[in-house]
Amino acid sequence: MLTLKLIQEQPEFVIERLKVKNFDATVLVGQINQLNIQRRETQAKVDQLKAEMNNLSKQIGQLFKEKKNDEANSAKEKTFLLKDEIKELDVTFADIDKQLSSLLVQLPNIPHKLVAPGKNEADNVEIRRGGEIPQLYDGKKPHWDLIQQYDIIDFELGTKLTGAGFPVYKGKGAKLQRALISFFLDEGEKSGYNEVMPPILVNEDSGFGTGQLPDKEGQMYHATADNLYLVPTAEVPVTNIYRDVIVDENSLPIKNMAYTPCFRREAGSWGAHVRGLNRLHQFDKVEIVQIANPENSYQQLDEMVAHVEAIISKLGLPYRIIRLCGGDISFTSAMTYDFEVYSAAQERWLEVSSVSNFESFQANRLKCRYRGKEMKKPELVHTLNGSALALPRIVAALLENNQTPEGIKIPEVLVPYCGFSIIS
RNA sequence: GGAGAGUUGGCAGAGUGGUCGAUUGUGGCAGUCUCGAAAACUGUUGUCCGGGCAACUGGACCGGGGGUUCGAAUCCCUCACUCUCCGCCA
């Protein structure tokens, strides 16, 4: 969420910038600032009363010590009224505070200057392309046919075991998954990311910290008996490592990565475009996460983009990098680059990575700050994350783009990981 | 799952219900000494929310929440977590 300070000091700026996201914040900002004033006034009153109370209590203690019990008892009488007043104001304060928080989480993050205004994905800005779209032979097939032909991924079996959107990877299909995960992690390590293996069930606080709760509650699978949520992305546990943490300026940027399965309910979003591996309830992903100094977080974002671009290039997939416009960028993000690879039999671009700078938006919720030598007070860090990469659509593109009449060729870089060079 | 013991500042570890935000040690930072360092000595050292240009100052925080009391780190209830023993188990 945005900081109260910013909303209070530069309300016009907030309103103006959020227009890029097609969000009219006028009313909300006004309400927040008004509530904030009420909150401060109430606190001033409460604090004053509490100061009086503290004083009286000290006096009473002193009187009892001096055996002046009568005086002490009459002093006690005075506290009763005060006590009631404090209790009442405390309730008022808590109420205002609660209202304020509930309004505060409704404001989206302010987009970066470079983010173009726009309605939807049609207004996104293509940054660059790489790789070559392969010319396939006449009998080319979409991946959902290929996986059946070679018996490497089984959707029906997954449906039997769990339900739609939970495929079973078999034989070379399973091995390809493992190979990709290892490849991605090794590449991440070369780029200086520290590998972590977090829990894939998280609690409510973690869900709130990265912004999945309360807004996107329906996106996550909820284990109600223990009130835990299956992670929709490793971003949640890996970023929440730094919840309520003050890090040293010298340790920045902190670069972590994790492989986890990811679970998404995707309620109501099933349709024509989501056949095969294009959209799943469970999939595998390697996520990179950075905790950065606000001064250079955009350099770090570029670094992450370069990292993802390098991996896709090594896999030999044609790709394009897109900077999302205001209408397409997420609630929490200040700037997002999407990576899409071309899937040559479906003849469409598939999103395989999304790399974002959240600036201090998540950090404010997480209460993750950094302290520098010259700083009087700790300040909020910037958090960034990106997929590097999500597997299913990469697999779809690999299968489709590398199909030949003899079988599916495995990219050079993956052969050592797979132990085979063709699926036939 | 059963029984018991815990949870205090970066860490370790005190704390008869009344100047306890909290003794002390250690670590961190600054200084003295030194060519430099170590050692020693001195000082300093939490976070959040208010007020103030500032010095400073009011309030809150001793796992979370609630309660008793004029007053709670200290007493009570509750939840969470940690440890030990037993049981179960990949």
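# A tour from the RNA surface to the helix pairs

Start at RNA strand B: the surface near this strand has six nonpolar, five polar and 10 charged residues. Here Ala, Val, Leu, Ile, Met, Phe, Trp, Tyr, Cys and Pro count as nonpolar, Asp, Glu, Lys and Arg as charged, and the others, Gly among them, as polar. A residue is near the strand if one of its heavy atoms lies within 4 Å of it.

The model is predicted: local features need pLDDT of at least 70, side-chain atom pairs count only at pLDDT 80 or more, and totals for chains, interfaces and linings use all residues. Residues are numbered from 1 along each chain as its sequence is written, chains are lettered from A and ligands numbered from 1 in the order in which they are written, and side-chain values use heavy atoms, with hydrogens and water left out.

**Stop 1: around the RNA**

Select the residues around RNA strand B. There are 21, and the closest are Gln 43, Asp 47, Ser 57, Arg 369 and Arg 371. Now colour the strand by atom. Of its atoms that come within 4 Å of the protein, 69% belong to sugar and phosphate.

Next, pick out three polar contacts (pairs of N or O atoms within 3.5 Å; within protein, one must be able to donate a hydrogen and the other to accept it, and residues adjacent in sequence count only if both atoms are side-chain atoms).

- Gln 43: a side-chain N or O atom is 2.3 Å from a sugar or linking oxygen of RNA strand B.
- Arg 371: a polar side-chain atom lies 2.6 Å from a phosphate oxygen of the strand.
- Asn 54: a polar side-chain atom is 3.2 Å from a phosphate oxygen of the strand.

Which elements give two or more residues to this surface? They are α3 (26–65), α4 (69–104) and β14 (369–371). Helices (H or I, at least four residues) and strands (E, at least two) are DSSP runs, numbered from the N terminus. The largest share, 12 residues, comes from α3.

**Stop 2: α2 on α3**

Stay with α3 and add helix α2, residues 11–18. Their axes come within 10 Å and cross at roughly 155°. Axes are lines fitted to C-alpha atoms, for helices over the stretch in contact, and angles run from 0 to 180 degrees between N-to-C directions. α2 is therefore roughly antiparallel to α3. The cut-offs: under 35 degrees is roughly parallel, over 145 roughly antiparallel, 65 to 115 roughly perpendicular, and the rest oblique.

Show the side chains. Pro 11, Val 14 and Ile 15 of α2 meet Thr 26, Val 29 and Asn 33 of α3. Contact means heavy atoms within 4.5 Å. These residues divide into four nonpolar, two polar and no charged.

**Stop 3: α7 on α12**

Select 172–190 (α7) and 391–401 (α12). The two helices pack at an angle of about 115°, with axes 11 Å apart. They are therefore roughly perpendicular to each other. α7 contributes Leu 176, Gln 177, Leu 180, Ile 181 and Phe 184, and α12 contributes Leu 391, Ile 394, Val 395 and Leu 398. Eight of the contact residues are nonpolar, one is polar and none is charged.

**Stop 4: backbone details**

Go to Leu 252 and Pro 253. A cis peptide bond joins them, with omega about -5°. Pro 253 lies in the loop between β8 (246–248) and β9 (254–263).

Then move to Ala 388 and Leu 389. This pair is also joined by a cis peptide bond, with omega about 5°. Leu 389 lies in strand β16, residues 382–390.

Finish at Asp 151. Its phi is near 55°, a positive value in a residue other than glycine. Asp 151 sits in the loop between α5 (143–149) and β2 (153–154).
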